[in-house]
Amino acid sequence: MAANAKTITLISEEDVLNEAMECPTDRALDTKPLAEEHAFAFWQKDIPEEYWHLTAPEIIERVRVAREKLGKRCIVLGHHYQREDIIQFADLRGDSFKLARWASQQAEAQYIVFCGVHFMAESADILSQPHQKVILPNMSAGCSMADMADPEDVYASWDELRDAGVGGIVPVTYMNSAASLKAFCGKNGGIVCTSSNARKVFEWAFERGERVLFFPDQHLGRNTGLKLDIALDEMPVWDYTLPYGSLGGNALEQLERARVILWKGHCSVHLRFSVDQIEAARRRHPGINVIVHPECRMEVVQAADMDGSTEFIARTISEAPADSEWAVGTEINLVSRLARENPDKLVFCLDPVVCPCSTMYRIHPTYLCWAVESLAEGRVVNHLKVDDETARWARIALERMLAVP
Ligand code: 13P
Ligand code: SF4
């Protein structure tokens, strides 16, 4: 069944859910001028007033002119979760790791304009060549999950575990984390993982230690541990909000038995998905394939047919047979795009309220326009630079990940 567009009328929760099922997310999030967007609240300081009211056609034309002037000196990268109005300018779209790696291979590109969030641009800078500069069009585009692992909290927890005599710990950080935490892992015999290689990375860590301290996403950590047959009671959660001395809310024996110590972080976008939504999708479309991101909670991942990274989800659906049906548990911009690009399949988002990632959304096309026009005029704005010492150690942790077969 191909995608059709219906508007949702609020009647009951079940009706909303059902209507959403029939409305396979081809609601593009159309760009309004910056001044009219909610995102204006998160505006990029220093952007001249002349940009505030640019319309979509004006932005498109101005970006085109600036990019023509810059030629191969500039590349624009778009993460899967970016709105369509950004993706249209991207030379490559993909997950955070694919984008960072690809950018570093584009030797002619002096400027890498990264349309994604802060930790992604940092990783691109860490992996970039010395002559390349990474630009993040809006410096306030962060990741709320990454922010849940404040480096000072992680260092304090590490010390607390050591002082309590809990040994054999290998620190593993999710790609969605600050560069300083990647560096911390590099310095302490640890490693980085993405949602596509978490299982292999955990195996790597267990060859080197008894247990893993995983941050920031407890759900990816738990889902990965379960795939390795680690019991739930061997995966305590470390509550970083508790004071030093509280052992993150755990008894010492629990930590001594632990295989994976899970940081109490989460992604609010992926926590919206529920088992009820999966059941409603199956009632409505018997035999439908349910595919979710491993940042979803354990019950949701277990109820789904498949789980995997953004890249895995995109590839699986694109390569699926015509007429297949897909209920998807990940960010709406990616799901909408998959629905549009696969008109011979039914693709819709499990969540009827379809909440976009609000920080990804902070990359408004106007900011991109300002960034490339500035570059074309010889001014580098929003240059994101990780300091050399942090980058050196973070690169070690990233390279360890790359070497994992
Ligand atoms: P990827 O690393 O797969 O791009 O995922 C990033 C992300 O933020 C998922 O929520
Ligand atoms: Fe961060 Fe979640 Fe947004 Fe991904 S979807 S960038 S984890 S807040």
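Student: In which helix is the place of Ser 336, and is Ser 336 buried or exposed?
Tutor: In this predicted model, Ser 336 has its place in helix H15, which covers residues 332–341. A residue counts as buried if 20 or more other C-beta atoms lie within 10 Å of its own. Ser 336 has 25 other C-beta atoms within 10 Å, so Ser 336 of helix H15 is buried.

Student: How many Å apart in space are Ser 336 and Val 354, C-alpha to C-alpha?
Tutor: Along the sequence, Ser 336 and Val 354 are 18 residues apart. In space, taken from C-alpha to C-alpha, the separation of Ser 336 and Val 354 is 9.9 Å.

Student: Where is Phe 97 found, and is Phe 97 buried or exposed?
Tutor: Phe 97 has its place in helix H4, made of residues 96–105, and Phe 97 is also among the residues around ligand 1. Leaving aside neighbours within four places in sequence, Phe 97 is in contact with Met 175 and Thr 194. There are 24 C-beta neighbours inside 10 Å, and therefore Phe 97 counts as buried.

Student: How do the residues around ligand 1 divide into nonpolar, polar and charged?
Tutor: The residues around ligand 1 include His 79, Ser 96, Thr 194 and Ser 309, while Asp 95 and Glu 295 are also among them. By class, the shell around ligand 1 divides into 3 nonpolar, 7 polar and 2 charged residues.

Student: How many nonpolar, polar and charged residues does the shell around ligand 2 have?
Tutor: Ligand 2 is surrounded by residues that include Val 117, Cys 143, Met 145, Val 269 and Met 360, and Glu 331 is one of the surrounding residues too. By class, the shell around ligand 2 has 7 nonpolar, 3 polar and 1 charged residues.

Student: Which residues have the most contacts inside the largest nonpolar core, and which helix gives the most to this core?
Tutor: The largest nonpolar core has 125 residues, and those with the most contacts inside it are Val 113, Phe 114 and Leu 368. The helix that gives the most to this core, with 8 residues, is H16, residues 365–376. As background, in soluble globular proteins nonpolar side chains tend to be buried together. The names asked for are thus Val 113, Phe 114 and Leu 368, and helix H16.

Student: With which residues is Val 113 in contact, leaving aside its neighbours within four places in sequence?
Tutor: With neighbours within four places in sequence left aside, the contacts of Val 113 include Cys 74, Val 76, Leu 77, Ile 135 and Pro 137. The rest of the list for Val 113 is Leu 368, Ala 371 and Val 372.

Student: Is Ala 124 buried or exposed?
Tutor: Ala 124 is found in helix H5, residues 118–127, and its contacts beyond four places in sequence include Leu 99, Ala 103 and Phe 114. Since Ala 124 has 27 other C-beta atoms within 10 Å, Ala 124 is buried.

Student: Are H9 and H10 roughly parallel or roughly perpendicular to each other?
Tutor: The axes of helix H9 (residues 198–206) and helix H10 (residues 218–227) come within 9 Å and cross at roughly 70 degrees. The contact is made by Ala 198, Arg 199 and Phe 202 of H9 together with Leu 220, Thr 224 and Lys 227 of H10. Angles of 65 to 115 degrees count as roughly perpendicular. H9 and H10 are therefore roughly perpendicular.

Student: Is H7 roughly parallel or roughly antiparallel to H8?
Tutor: Helix H7 (residues 151–163) and helix H8 (residues 179–187) pack at an angle of about 25 degrees, with their axes 9 Å apart. Angles under 35 degrees count as roughly parallel, and therefore H7 is roughly parallel to H8.

Student: Is Asp 229 buried or exposed?
Tutor: Asp 229 lies in the loop between H10 and strand E8 (237–238), and its phi is near 60 degrees, a positive value in a residue other than glycine. A residue is exposed if 12 or fewer other C-beta atoms lie within 10 Å of its own. Asp 229 has 8 such atoms, so Asp 229 is exposed.

Conventions
Residues are numbered from 1 along each chain as its sequence is written. Chains are lettered from A and ligands numbered from 1 in the order in which they are written. This is a predicted model: local features need pLDDT of at least 70, side-chain atom pairs count only at pLDDT 80 or more; totals for chains, interfaces and linings use all residues. A residue is near a molecule or strand if its C-beta atom, placed from the backbone, lies within 6 Å of it. Ala, Val, Leu, Ile, Met, Phe, Trp, Tyr, Cys and Pro count as nonpolar, Asp, Glu, Lys and Arg as charged, and the others, Gly among them, as polar. A nonpolar core is a set of buried Ala, Val, Leu, Ile, Met, Phe, Trp, Tyr and Cys residues joined through C-beta atoms within 7 Å. Helices (H or I, at least four residues) and strands (E, at least two) are DSSP runs, numbered from the N terminus. Two residues are in contact if their C-beta atoms, placed from the backbone, lie within 7 Å. Axes are lines fitted to C-alpha atoms, for helices over the stretch in contact, and angles run from 0 to 180 degrees between N-to-C directions. Angles under 35 degrees count as roughly parallel, over 145 as roughly antiparallel, 65 to 115 as roughly perpendicular and the rest as oblique.
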